[in-house]
Amino acid sequence: MKKINFKTLIVTSLACLLPILIGLVYYNQLPDQVAIHFDINNNPDNYFSKAAFVFGMPIIMMLIQVFCCFMSDLTDKNKEANKKAMSVFKWIIPMITIVLYIVTILYALGKALDIRVIVMFILGTMFIVMGNYTPKTKGMLHFGTKKITDEELERKVNRICGYMFIINGLMFILSTIFNPIVSIVVVGIVIVEAIVLAIYTWSKLK
């Protein structure tokens, strides 16, 4: 257990729970059913009860955060080299939780928001941040249960991932100024890129 960074784990987990305070402030003003998912045309298509949203969503995100922190700390064999990158990565889930929670409450209170635009901006920003730090990580690249031990291959794949993250992030953001179908196309492109990179990495590992 000495490998676990409990300070970061506790702080980021509490950050995931912080939005509950906002939910309590507006609890009586929220509808009984809160929209938590939207289609590409900004129409809600899935709901949570008010209590489930206010308390349940932050708790679920906190549990995901705890799991991710444990897994990253236990599998990272180059903590010093990856210290800065991991500090950034570990704040992604808490920040997404806070932003989406606030956006969901504003929508539930009747504010006119384009959820697609907000989500694409969040994804775009997240990808750009990850793209800046991925090439600087070491020993964190896995393919299934197999870890890449070839340092030159790892550097190459990390570099490719970095460029892909940044380019995809920009595409996510730029797609918001076009028809919603463009955002769907961008998501499709990102999925294809991931599959191609996985096949490339697998071929090199073999």
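These are my notebook entries on what I looked up in this structure.

**Entry 1: the model as a whole**

I began by noting that I am working with a predicted model, so I turned to its confidence scores before anything else. The average pLDDT of the protein is 85, and 88% of the residues reach a score of at least 70. When I went through the elements, I found that helix 2 (residues 19–25) has the highest mean pLDDT, 95, while strand 3 (residues 142–143) has the lowest, 51.

I then listed the secondary structure, which comes to 8 helices and 4 strands. Read from the N terminus on, the order of the elements is α-α-β-β-α-α-α-α-β-β-α-α. The protein has 206 residues, and 35% of them count as buried. I also looked up how contacts are spread along the sequence: among those between residues at least 6 apart, 72% join residues at least 24 apart.

**Entry 2: helix 3 and its two partners**

I looked at helix 3 (residues 50–75) with helix 5 (residues 92–108), and found that they pack at an angle of about 165° with their axes 10 Å apart. Because of that angle, helix 3 is roughly antiparallel to helix 5, the cut-off for this description being over 145 degrees. The crossing of helix 3 with helix 5 is right-handed. On the side of helix 3 I wrote down Phe53, Val54, Pro58, Met61, Ile64, Gln65 and Cys68, which meet Ile93, Pro94, Thr97, Tyr101, Thr104 and Ile105 in helix 5. Sorted by class, the residues of this contact are 10 nonpolar, 3 polar and no charged.

Next I took helix 1 (residues 6–17), whose axis comes within 8 Å of that of helix 3, with a crossing at roughly 160°. This makes helix 1 roughly antiparallel to helix 3, and helix 1 passes helix 3 in a right-handed crossing. From helix 1 the contact uses Phe6, Leu9, Thr12, Ser13, Cys16 and Leu17, and from helix 3 it uses Pro58, Ile59, Met61, Met62, Gln65, Val66, Cys69 and Phe70. By class I have 11 nonpolar, 3 polar and no charged residues for the contact of helix 1 with helix 3.

I noticed that Pro58, Met61 and Gln65 of helix 3 appear in the contact with helix 5 and also in the contact with helix 1.

**Entry 3: helix 6 and helix 7**

For helix 6 (residues 115–133) and helix 7 I noted a packing angle of about 160° and axes 7 Å apart. These two helices are therefore roughly antiparallel to each other, and their crossing is left-handed. The residues that make the contact include Phe121, Gly124, Phe127, Ile128 and Gly131 of helix 6, together with Gly162, Phe165, Ile166, Gly169 and Phe172 of helix 7. The contact of helix 6 with helix 7 divides into 11 nonpolar, 7 polar and no charged residues.

**Entry 4: single residues in helices 7 and 8**

Ile160 lies in helix 7 (residues 151–174), and I recorded it as partly exposed because its relative accessibility is 29%. Leaving aside neighbours within four places in sequence, Ile160 is in contact with Leu197 and Tyr200. The C-alpha atoms of Ile160 and Pro135 are 8.1 Å apart, although 25 residues separate the two in sequence.

Glu193 is in helix 8 and is also partly exposed, with a relative accessible area of 21%. Not counting residues up to four places away in sequence, Glu193 touches Met164, Asn168 and Met171. Between the C-alpha atoms of Glu193 and Cys161, which are 32 residues apart along the chain, I noted a separation of 9.7 Å.

Val182 belongs to helix 8 (residues 180–205) as well, and at 27% relative accessible area Val182 is partly exposed. Val182 and Phe172 lie 10 residues apart in sequence and 9.2 Å apart in space, C-alpha to C-alpha.

**Entry 5: a backbone angle to remember**

Which sign does phi have at Asn42? I found that Asn42 has a positive phi of about 75°, although it is not a glycine. I marked this down because most residues other than glycine have a negative phi. Asn42 sits in the loop between strand 1 (33–38) and strand 2 (44–49). Is Asn42 buried or exposed? With a relative accessible area of 19%, Asn42 is buried, since the cut-off for buried is under 20%.

Conventions:
Residues are numbered from 1 along each chain as its sequence is written. This is a predicted model: local features need pLDDT of at least 70, side-chain atom pairs count only at pLDDT 80 or more; totals for chains, interfaces and linings use all residues. Side-chain values use heavy atoms; hydrogens and water are left out. Axes are lines fitted to C-alpha atoms, for helices over the stretch in contact, and angles run from 0 to 180 degrees between N-to-C directions. Angles under 35 degrees count as roughly parallel, over 145 as roughly antiparallel, 65 to 115 as roughly perpendicular and the rest as oblique. A crossing is left-handed if the near helix is turned anticlockwise from the far one by less than a right angle, and right-handed if clockwise. Contact means heavy atoms within 4.5 Å. Ala, Val, Leu, Ile, Met, Phe, Trp, Tyr, Cys and Pro count as nonpolar, Asp, Glu, Lys and Arg as charged, and the others, Gly among them, as polar. pLDDT is the predictor's confidence in each residue, from 0 to 100. Buried means under 20% relative accessible area, exposed over 50%, partly exposed in between (1.4 Å probe, protein chains only).
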